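Visitor: Before we begin, could you take me through the reasoning behind the labels that people attach to a structure like this?
Guide: Gladly; let us look at it together and take the labels one at a time.

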Amino acid sequence: MSEAQDEAAGGVPAHPAYMNDICGFLSCLVAVLLYGSNFVPVKKVDTGDGMFFQWVSCAAIWVVGLVGDTLLHSSKAHPAAMLGGVIWATGNITSVPVVKCIGLGLGMLLWGASGLLIGWASSRFGLFGLDPEEVTNPVLNYCGAGLCLLSAVIFFFVKSDVQKPMSPETTPILIEERSLSDIPPPSDSWVDTISPKTRRPLGCVIAVLSGLLFGSSYVPMLYIKHHATSNSSMFTGSSQNDLDYCFAQTCGIFLMSTVYFTIYCAAMKNRPRIYPRAILPGFLTGVMWGIGTYCWLLANRFLGPVVTFPIVTAGYGLVAALWGTVVFKEVKVSRGRMHVVDAALFNGLYSVFHSAHCLPL
C-alpha cells in the first residue's frame with residue numbers, strides 16, 4: 001500500500017514499527033500532561049457555580065478544533081460525531097463543582113477510573129453497538145479491569161482538604177469579582193451551601209457519573225468508524241482517521257455548552273454570575289484540553305485506541321494527583337496520601353496490563 005493510500009485509509013505513512021511506537025507514546029505523554037494540568041490555571045481563581053467558566057473553556061476548545069481542522073484539511077465527518085461532544089459537555093458542566101467538593105487530584109482520579117471502566121466495558125463486551133473486542137489474554141484483561149475497579153474504591157477513602165480561593169484583599173493577583181445581578185445571592189456556588197459531611201460523598205458520586213460520560217464521549221466516533229464498511233449503514237464510507245472527527249467533536253462540545261449556558265441564564269432571569277478573572281484561565285484550560293485531544297487522536301493512529309485509552313485516562317489522573325497532593329496540598333494526612341498512592345498504582349497497573357496484551361510483540 002502506498003503512503004497516499006495509507007493516509008486515505010486513516011493509517012500512518014510507512015515507517016519502521018519502532019518509530020510509530022515512539023511517536024504514539026510521545027503523543028500519549030503530551031496528552032497526559034495537558035489533560036492532567038488543564039485545570040491548574042483556574043485552581044486559584046473563583047469560578048462561582050462554574051457555568052460561565054465551562055462556557056469559556058468550551059469556546060476555546062472549539063477554536064482549537066477550528067484551527068486544527070483548517071491546518072490539517074480534515075475530511076468532513078458525519079454530523080452524528082457531534083453527539084460525542086454533547087456527551088462530553090454534559091459531563092463537563094459538573095467539573096467545577098467536583099473540584100470544589102473533592103479537589104483537583106481526587107476529582108480527576110475518579111474521572112479517569114470511571115472513564116477507564118466504561119471504556120473497557122464498551123470495547124470488551126460491544127456496548128452501544130460497538131464490535132466486541134477479542135483479547136489474547138482474557139485473564140490478564142479481567143485482572144487489569146479489577147485493579148481499576150479496586151483503585152476507584154480506594155479513591156473514596158481519600159480525604160482531601162479543599163480550600164476556597166483566598167479573598168481579593170489577601171490575594172493580590174485577584175480582583176473583586178462582580179456579578180451582573182443587582183442583588184447577589186448569599187453564595188456564588190451551590191457547593192458552598194452544602195455541609196462538609198455531605199460535600200465529599202456528593203462530589204465523589206458526581207465525579208464518577210461525569211467520568212462515565214467522559215469515557216463514553218468517543219463512542220459515537222468509534223461507532224461511525226466500525227459501521228463505515230457496511231453497505232447498509234448510513235455511515236458507509238466514513239473516514240477511519242480519528243483526527244477527521246475532532247472538529248465535529250468540538251462543535252458538539254461548544255454547541256451543547258452554549259445550550260446549557262443559555263438555560264442557566266434563563267434560570268437566573270438573565271442575571272448570570274460572570275467572573276472576568278476566570279476568562280483567560282478558562283480559555284487556557286480549553287486550549288490545553290483541545291491540544292491534548294489532538295495529541296490523543298494522533299496517538300490512536302500509531303498505536304490504536306485500545307492501547308492509548310487506558311494509558312491516557314490513567315495517566316492524566318496520576319498527573320492531577322501530583323498537582324493536588326504536592327503543589328496544592330489537597331491531601332495533607334499521610335494515610336490519605338498512601339490511599340492516593342495505592343489507588344494510583346492500581347490504576348497504572350491496569351493501563352499496563354491492558355496495553356500489554358494489545359501491543360504487538
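**Reasons behind the labels**

Visitor: What kind of model is this?
Guide: This is a predicted model, and the values I quote are computed from it.

Visitor: Why is the contact between Asp-242 and Lys-225 called a salt bridge?
Guide: The closest N and O atoms of Asp-242 and Lys-225 are 2.4 Å apart, and the rule asks for a side-chain nitrogen of Lys or Arg within 4 Å of a carboxyl oxygen of Asp or Glu, so the pair qualifies as a salt bridge. By this rule the count comes to one salt bridge.

Visitor: What makes Asp-242 and Lys-225 a tie between parts of the chain?
Guide: Asp-242 lies in the loop between α9 and α10, whereas Lys-225 lies in helix α9, so the pair ties together parts that are 17 residues apart in sequence.

Visitor: Why is Asp-242 called buried, and why is Lys-225 called buried?
Guide: The label needs a relative accessible area under 20%; Asp-242 has 3% and Lys-225 has 12%, so both names earn the label.

Visitor: Why is Leu-33 called partly exposed?
Guide: Leu-33, which sits in helix α2, has a relative accessible area of 43%; because buried means under 20% and exposed means over 50%, this value falls in between.

Visitor: How do you know that Cys-204 is not in a disulfide?
Guide: The closest cysteine sulfur to that of Cys-204 belongs to Cys-101 and is 8.9 Å away, while a disulfide needs sulfur atoms within 2.5 Å, so the distance is too far for a bond. Cys-251 is in no disulfide either, with the nearest cysteine sulfur, that of Cys-246, 9.9 Å away, and by this rule the count comes to zero disulfides.

Visitor: Why is the aromatic pair of Phe-39 and Phe-53 called tilted?
Guide: The centres of the rings of Phe-39 and Phe-53 are 6.1 Å apart, and rings pair if their centres lie within 6.5 Å. The angle between the planes is 45°, and because under 30 degrees would count as stacked and over 60 as edge-to-face, the pair is tilted.

Visitor: What makes the pair of Trp-111 and Phe-214 edge-to-face?
Guide: The planes of Trp-111 and Phe-214 stand at 80° to each other, with 5.7 Å from centre to centre; because an angle over 60 degrees counts as edge-to-face, the label follows. This pair links distant parts of the chain, with Trp-111 in helix α6 and Phe-214 in helix α8, 103 residues apart.

Methods: Residues are numbered from 1 along each chain as its sequence is written. This is a predicted model: local features need pLDDT of at least 70, side-chain atom pairs count only at pLDDT 80 or more; totals for chains, interfaces and linings use all residues. Side-chain values use heavy atoms; hydrogens and water are left out. Helices (H or I, at least four residues) and strands (E, at least two) are DSSP runs, numbered from the N terminus. Buried means under 20% relative accessible area, exposed over 50%, partly exposed in between (1.4 Å probe, protein chains only). Rings of Phe, Tyr and Trp (its six-membered ring) pair if their centres lie within 6.5 Å; planes under 30 degrees apart count as stacked, over 60 as edge-to-face and the rest as tilted.
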